[in-house]
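Colleague: I would like to learn how to read a protein model with some care. Could you take me through one, feature by feature?

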Amino acid sequence: MEAPKQLLEYILTPSFEIFVVGAIIVLLLPILVHLYIARSTPYTTLPTILLVGPPGGGKTSLLTLLERGDSASATHTSQIPQSVELTVSNDRGATTFREAAQIDAPGSHRKFLLVDTPGHGKLRNQHAMTQLAASTLRGVVYILDAASLEDSLADAAAYLYDVLLALQKRTGAGKTSKTPNAIHVLIAANKLDLFTALPASLVKSNLEAELGRIRQSRSKGLLDSGVGVDEVGSEEQDGWLGEYGSEKFSFGQMREFDIEVDIVGGSVLEGNVDKWWDWISDRI
């Protein structure tokens with residue numbers, strides 16, 4: 001009994017050694033506990049769906065509609081990216097995105113980030129194009145104004161060309177190591193509530209024709225730029241969208257790079273976005 005008694009008296013007797021040991025325990029124990037929890041608990045990074053497209057297409061309106069679930073709010077041209085955390089349910093009994101997105105909807109739930117990017121030409125490379133290489137990316141929604149496409153076709157197709165080419169190169173970059181996740185693209189033809197809007201089939205054909213013209217123009221521009229003959233082939237192939245050397249472009253050519261392109265009409269103003277939501281849900 002003497003030994004435990006002496007030890008207890010030593011601990012309870014104020015001394016420099018006891019203060020040092022106590023201070024070490026008080027300071028280090030919380031840090032050690034924090035490190036243990038941080039290392040033992042995996043950090044979950046949410047998958048991402050990227051909204052891209054020309055200005056005025058309805059990207060920000062779609063984001064606010066999906067976030068609020070009732071109606072889209074009035075928006076202005078975005079200058080910086082913005083994101084919201086949303087939830088999808090695998091319940092097939094839900095008939096609308098409003099039902100499937102509810103926290104208390106039946107079935108399992110999965111969270112993801114919906115990221116809206118500026119559509120202005122000077123801001124695209126700074127924001128949207130850089131996010132196409134993100135490892136968390138699961139899908140790209142390219143939203144455009146189907147009611148004014150005939151007037152803005154050149155810009156809409158040029159931006160889409162850059163997006164598809166970036167995804168094509170992204171897939172090709174993984175052929176020497178681990179192939180990245182296949183990223184599919186939804187071309188959301190918005191504003192079908194307007195009588196001037198083109199149906200999805202015409203949006204598809206017009207875009208394919210314009211993308212083919214852009215492809216030929218860029219190829220010719222490379223030949224006229226003075227690049228050496230030996231370098232032209234490699235650079236031309238790097239910048240060639242779809243099947244190399246093909247006369248006409250079609251979205252089906254992107255399957256060679258594990259990229260599926262779907263064109264679906266809808267209307268943010270009328271809340272007619274259920275097919276877009278289903279497409280997003282299938283990517284998460």
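Modeller: Let us begin with the surface, where accessible areas come from the Shrake-Rupley method with a 1.4 Å probe. For this chain, in what is a predicted model, the accessible surface comes to about 16,100 Å², and 57% of that surface belongs to carbon and sulfur atoms.

Colleague: What percentage of the 284 residues count as buried?

Modeller: A residue is called buried when its relative accessible area is under 20%, exposed when it is over 50%, and partly exposed in between. By that reading, 40% of the 284 residues of the chain count as buried.

Colleague: How many helices and strands should I look for in the secondary structure?

Modeller: The chain has nine helices and six strands. The six strands form an open sheet with mixed pairing, and their order across the sheet is β2-β3-β1-β4-β5-β6. At the edges are β2, residues 82-89, and β6, residues 261-265, each of which pairs on one side only. From one strand to the next, the twist averages 25°.

Colleague: How many bridges join β2 to β3, and in which direction do these strands run, parallel or antiparallel?

Modeller: Strand β3, residues 109-116, is joined to β2 by eight bridges, and the two strands run antiparallel. To find one of these places in the model, start at Gln82 and look for its bridge partner in β3, which is Asp116.

Colleague: Which strands does helix α3 lie across, and which does helix α9 lie across?

Modeller: Helix α3, residues 59-68, lies across β1, β2, β3 and β4, and runs at about 45° to β2. Helix α9, residues 274-283, lies across β1, β2, β3, β4, β5 and β6, and its direction is at about 170° to β5.

Colleague: Is Glu208 buried or exposed?

Modeller: Compare its relative accessible area with the cut-off: Glu208 has 12%, and because buried means under 20%, Glu208 counts as buried. This residue is found in helix α7, residues 200-223, and, leaving aside residues up to four places away in sequence, Glu208 touches Phe249, Ser250 and Phe251.

Colleague: How does Leu202 count by its relative accessibility?

Modeller: Leu202 also has its place in helix α7, but at 39% relative accessibility Leu202 counts as partly exposed. Sequence distance and distance in space should be read separately: Leu202 and Ala146 are 56 residues apart in sequence, while their C-alpha atoms are 9.4 Å apart in space. Over the chain, among contacts with a separation of 6 or more, 76% are accounted for by residues 24 or more positions apart.

Colleague: Which residues form the nonpolar patch on the surface?

Modeller: The patch is formed by Ile24, Leu27, Leu28, Ile31 and Leu32, which together have about 490 Å² of accessible area. Of these, Leu32 has its place in helix α2, residues 16-40, and at 53% relative accessibility Leu32 counts as exposed.

Colleague: What is the sign of phi in Lys191 and in Asp258?

Modeller: The general idea is that most residues other than glycine have a negative phi. Lys191, however, is not a glycine and has a positive phi near 70°; Lys191 lies in the loop between β5 and α7 and is partly exposed at 25% relative accessibility. Asp258 likewise has a positive phi, of about 60°, although it is not a glycine. Asp258 lies in the loop between α8 and β6, and with a relative accessible area of 43% Asp258 is partly exposed.

Methods. Residues numbered from 1 in each chain as written. Predicted model: local features only at pLDDT ≥ 70, side-chain atom pairs only at ≥ 80, totals over all residues. Heavy atoms only, no water. Pairing = 2+ DSSP bridges. Helix = DSSP H or I, 4+ residues; strand = E, 2+ residues; numbered from the N terminus. Axes fitted to C-alpha atoms, helices over the stretch in contact; angles between N-to-C directions. Contact = heavy atoms within 4.5 Å. Buried < 20%, exposed > 50% of the residue type's maximum accessible area, 1.4 Å probe, protein only. Patch = residues over 30% accessible without salt bridge, like charges linked within 9 Å, V, L, I, M, F, W, Y side chains within 5 Å. Salt bridge = Lys/Arg side-chain N within 4 Å of Asp/Glu carboxyl O.
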